[in-house]
Amino acid sequence: MKSRLLPNELSKKKKSNNLAPMRLHAYVFCDCLEQGRLKRPPPNPEIVGFLRNGDLGYFRASPEQHAAFVAWRRHACRHPEGVVTGGQLGHRLPRQVLHRAMSPHSRAFPLFIRKVLGCKPHTRYSHLTLKQVEKLQVELVRLKNFHLADRKTERELRCYYGQMRQLVRAALKFHKPIAM
Ligand SMILES: [Zn+2]
């Protein structure tokens, strides 16, 4: 059943609003459903389930159930649409530029380079598992004191560093994957 769950409206919206196709977005979703911290229960709990990226989805919803789910999800808990933190990754440079600059260092930062900088966004279930998040945390400690010589790529790298640190912290706190 799990594999047949559909991503909810939020992920669809993210896709259609994404004007620059190579931009990568990453999110951590909350655990309010599991922890019983919802403001109100889902309208059709029997069709609601977890996606592998930590988001909630539904199974075989009618158009009415879909609409009810979307409306509920928006204000189901204190996290708007269930998002703890996240957004667009990077700042100014195309991701490939940083990917290229970092690729000689793939031994020190395998996950960051392969799974983040080299990620193909919006392949419905792309995400970093909790185990990968733990490894990424170790890479980020190393990344803190690692610098690129070129000023522009270094600035971009620092931006990714800050964003990934925030995502990793949230993922570990909520025991959730990082959805991308
Ligand atoms: Zn929540």
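**Histidine 175, helix 6 and the nonpolar core of a predicted model**

Histidine 175 counts as exposed, because 11 C-beta neighbours lie inside 10 Å of this residue. The model described here is predicted. Histidine 175 belongs to the loop between helix 6 and strand 7, and helix 6 is directly followed by this residue. Although histidine 175 is not a glycine, its phi is positive, at about 55°. Most residues other than glycine have a negative phi. A positive value is also found for glutamate 81, which is likewise not a glycine and has a phi near 55°. Glutamate 81 is placed in the loop between helix 2 (63-74) and strand 5. Glutamate 81 counts as buried because it has 21 C-beta neighbours inside 10 Å, whereas histidine 175, with 11 such neighbours, counts as exposed.

The chain as a whole contains 6 helices and 7 strands. Read from the N terminus, these elements follow the order β-α-β-β-β-α-β-α-α-β-α-α-β. The chain has 180 residues, of which 28% count as buried. When contacts between residues at least 6 apart in sequence are considered, 77% of them join residues at least 24 apart.

The largest nonpolar core comprises 29 residues, and the members that touch the most others are Ala26, Val28, Phe112, Leu136, Leu167, Ala171 and Ile178. At least two residues of this core are supplied by each of strand 2 (25-29), helix 3 (95-102), helix 4, helix 5, helix 6 (151-174) and strand 7 (178-179). Helix 6 provides the largest share, with 7 residues. Domain 1 (2-87) and domain 2 (88-179) each contribute at least three residues to this core. A further core of 5 residues lies apart from the largest one, and its members include Val48, Leu51, Tyr58 and Phe69.

The length of helix 6 can be checked against an expected value. At 1.5 Å a residue, the 24 residues of this helix should span 34 Å, and the computed separation of its end C-alpha atoms, 35 Å, agrees with this. The buried residues of helix 6 are Glu156, Leu157, Tyr160, Met164, Leu167, Ala170, Ala171 and Phe174. Among the elements that cover these buried residues are strand 2, strand 5 (83-88), helix 3, helix 4, helix 5 and strand 7.

Two residues of helix 6 illustrate different degrees of burial. Leucine 167 is located in this helix and counts as buried because it has 26 C-beta neighbours inside 10 Å. Beyond the residues up to four places away in sequence, leucine 167 touches Ala26, Val28, Thr85, Gly86 and Ile178. One of these partners, valine 28, is 139 residues away along the chain, yet the two C-alpha atoms are separated by 6.5 Å. Cysteine 159 is also placed in helix 6. With 16 C-beta neighbours inside 10 Å, cysteine 159 counts as partly exposed, since a residue is buried only if 20 or more such neighbours are present and exposed if there are 12 or fewer. Apart from neighbours within four places in sequence, cysteine 159 is in contact with Gly90 and His91. The C-alpha atoms of cysteine 159 and arginine 92 are 9.5 Å apart, while the two residues are 67 residues apart in sequence.

Helix 4 and helix 5, both contributors to the largest core, also contact one another. Two packed helices are described by the angle between their axes and the distance between the axes. The axes of helix 4 (residues 110-117) and helix 5 (residues 130-144) come within 8 Å and cross at roughly 115°. Helix 4 takes part in the contact through Leu111, Phe112 and Lys115, and helix 5 through Gln132, Lys135, Leu136, Glu139 and Leu143. Classified by type, the contact has 4 nonpolar, 1 polar and 3 charged residues. Of the residues in this contact, Phe112 and Leu136 are also among those that touch the most other members of the largest core.

A second histidine, at position 127, lies in strand 6 (residues 127-128). Histidine 127 counts as buried because 25 C-beta neighbours are found inside 10 Å. Residues up to four places away in sequence being excluded, histidine 127 touches Arg52, Asn53, Gly54, Pro177, Ile178, Ala179 and Met180. Its C-alpha atom is separated by 6.5 Å from that of proline 177, a residue 50 residues away along the chain.

Conventions. Residues numbered from 1 in each chain as written. Predicted model: local features only at pLDDT ≥ 70, side-chain atom pairs only at ≥ 80, totals over all residues. Axes fitted to C-alpha atoms, helices over the stretch in contact; angles between N-to-C directions. Helix = DSSP H or I, 4+ residues; strand = E, 2+ residues; numbered from the N terminus. Contact = placed C-beta atoms within 7 Å. Nonpolar A, V, L, I, M, F, W, Y, C, P; charged D, E, K, R; others polar. Core = buried A, V, L, I, M, F, W, Y, C linked by C-beta atoms within 7 Å. Domains from an automatic or database assignment. Expected span 1.5 Å × (residues − 1).
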